[in-house]
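This report walks through one protein chain, from single buried residues to charges on the surface. Keep the structure in view while reading.

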Amino acid sequence: MTEPTAPDTPDAAAELAFDEATVATLEALDEVLDELREHNESVPQWEFCEGFMTALLCTRREIAQDDWLPVLLARDPDEADDADDPEGIAPFDSAGQRTRFLMHWLAREAQVRAALQARVDDLNDPSALDPAVLDWGGMLHAATASGQALGPEPTGPAPSYAQMWALGFLAVTEIWADDWAPPRDKEIAADIADALDCIDVLTEDDRAPPAFNLFDEQAPPSISEQRMNDFGEALWAVYDLYGIAQSLGPRVDPVHSSKVGRNDPCPCGSGKKYKKCCGA
């Protein structure tokens, strides 16, 4: 798969169907990312960050901010112990820039967490998870139809719908693979694998016949009906993963000790009795 490249669209967040406060939050985050990208082209678009954030919330333990932040913002590992940065500001340019990013990150994180905790039966429910993803292809189609220039010519194809979000989500599962290792319970392990497969589908290009343009319904279509169905399945998969993480809790290394009774819950967190799990 060719690496997707998002068009240069500074006002893209305004096209999302969110309330004014959420749009302001997303635009503020985009602004910091644009500033960082001026001297580090590896800094991702917000859509990738949103997937990354969502996966962090679905991880069985809380990943420390100092662990995920430099990974997300592509800080050069050779500079990680830079003596010129005693306050740990990098990869930001200043303490103020770091504070601005984290303040809005926490605001968006609270919204995503609330959506994951909500009881929803329909993804059209206003309380349901609503990722900040853009129809990049639709944006390009609309711009081409109107003769509008979006900025520098993209170096590759525009991402398919929700593709960068899915890549951001799965990046967390790969970087913190130990925390995402399947539990001993085969049924739960299968549920996790199925859910991740639903998200992984979105990392592929949308090659089905286009039917929708979510950026401008008057412009040529850019998203297939199959893609929209896959996106819905991926959102339900996120709910499954969040529920599993909350029910299992942090992973615990198996403990083989005579102090653990054979009928006691297994310390590994599988939910089974010790004698039927690590004590078998």
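## A loop residue and its surroundings

Serine 160 sits in the loop between α5 (136–146) and α6 (163–175). The model is a predicted one. Is serine 160 buried or exposed? Buried means under 20% relative accessible area; serine 160 has a relative accessible area of 12%, so serine 160 is buried. Not counting residues up to four places away in sequence, serine 160 touches Glu204, Asp205, Asp206 and Arg227. Serine 160 and leucine 202 are 42 residues apart in sequence, and their C-alpha atoms are 8.1 Å apart in space.

## The chain as a whole

The secondary structure of the chain comes to 8 helices and 2 strands. Along the sequence, these elements follow the pattern α-α-α-α-α-α-α-β-β-α. The chain has 280 residues, and buried residues make up 44% of them. About 15000 Å² of the chain is exposed, with carbon and sulfur atoms supplying 47% of this area. Among contacts between residues at least 6 apart in sequence, 69% join residues at least 24 apart.

## Two buried residues of helix α2

Helix α2 covers residues 46–57 and contains threonine 54. Glycine 51 lies in helix α2 as well. Threonine 54 has a relative accessible area of 1% and is therefore buried. Glycine 51 is buried too, because its relative accessibility is 0%.

Which residues does threonine 54 touch, not counting residues up to four places away in sequence? They are Val112, Trp165, Phe169 and Val238. For glycine 51, leaving aside its neighbours within four places in sequence, the contacts are Trp165, Gly168 and Phe169. Trp165 and Phe169 thus appear in the contacts of threonine 54 and in those of glycine 51. Glycine 51 and glutamine 163 are 112 residues apart in sequence, with their C-alpha atoms 9.6 Å apart in space.

## Salt bridges

Side chains of opposite charge can pair when their charged atoms come close. How many salt bridges does the structure hold? The structure holds 8, and the table gives some of them.

| Acidic residue | Basic residue | N to O distance |
|---|---|---|
| Glutamate 35 | Arginine 100 | 2.9 Å |
| Aspartate 66 | Arginine 98 | 3.7 Å |
| Aspartate 205 | Arginine 207 | 3.3 Å |

The side chains of glutamate 35 and arginine 100 meet in a salt bridge. Glutamate 35 lies in helix α1 (residues 20–37) and arginine 100 in helix α4 (residues 95–117), so this pair ties together parts that are 65 residues apart in sequence. Arginine 100 is partly exposed, with a relative accessible area of 27%.

Arginine 98 forms a salt bridge with aspartate 66. This pair also links distant parts of the chain, since arginine 98 is in helix α4 and aspartate 66 in helix α3 (residues 65–72), 32 residues apart. The partners differ in cover: arginine 98 is buried, at 16% relative accessible area, whereas aspartate 66 is exposed, at 58% relative accessibility.

Aspartate 205, one of the residues that serine 160 touches, meets arginine 207 in a salt bridge. Aspartate 205 is partly exposed, with a relative accessible area of 25%, while arginine 207 is exposed at 72%. Salt bridges that share partners also join Glu31, Glu35 and Arg100 into one network.

## Charged patches on the surface

A patch of negative charge on the surface gathers Glu174, Glu187, Asp191, Asp194, Asp197, Asp200, Glu204 and Asp240. Which helix gives the most residues to the negative patch? Helix α7 does, with 5 residues. Aspartate 200 lies in helix α7 and belongs to the patch. Its relative accessibility is 36%, so aspartate 200 counts as partly exposed. Glu204, another member of the patch, is one of the residues that serine 160 touches.

A patch of positive charge on the surface gathers Arg184, Lys186, Lys272, Lys273 and Lys276. Lysine 186 lies in helix α7 (residues 186–200). At 72% relative accessibility, lysine 186 counts as exposed. Helix α7 therefore holds lysine 186, a member of the positive patch, along with residues of the negative patch.

Notes
Residues numbered from 1 in each chain as written. Predicted model: local features only at pLDDT ≥ 70, side-chain atom pairs only at ≥ 80, totals over all residues. Heavy atoms only, no water. Patch = residues over 30% accessible without salt bridge, like charges linked within 9 Å, V, L, I, M, F, W, Y side chains within 5 Å. Areas by Shrake-Rupley, 256 points an atom, 1.4 Å probe, with all protein chains shown as cover. Salt bridge = Lys/Arg side-chain N within 4 Å of Asp/Glu carboxyl O. Lys, Arg positive; Asp, Glu negative; His and termini not counted. Charge placed at Lys NZ, Arg CZ, Asp CG, Glu CD. Helix = DSSP H or I, 4+ residues; strand = E, 2+ residues; numbered from the N terminus. Buried < 20%, exposed > 50% of the residue type's maximum accessible area, 1.4 Å probe, protein only. Contact = heavy atoms within 4.5 Å.
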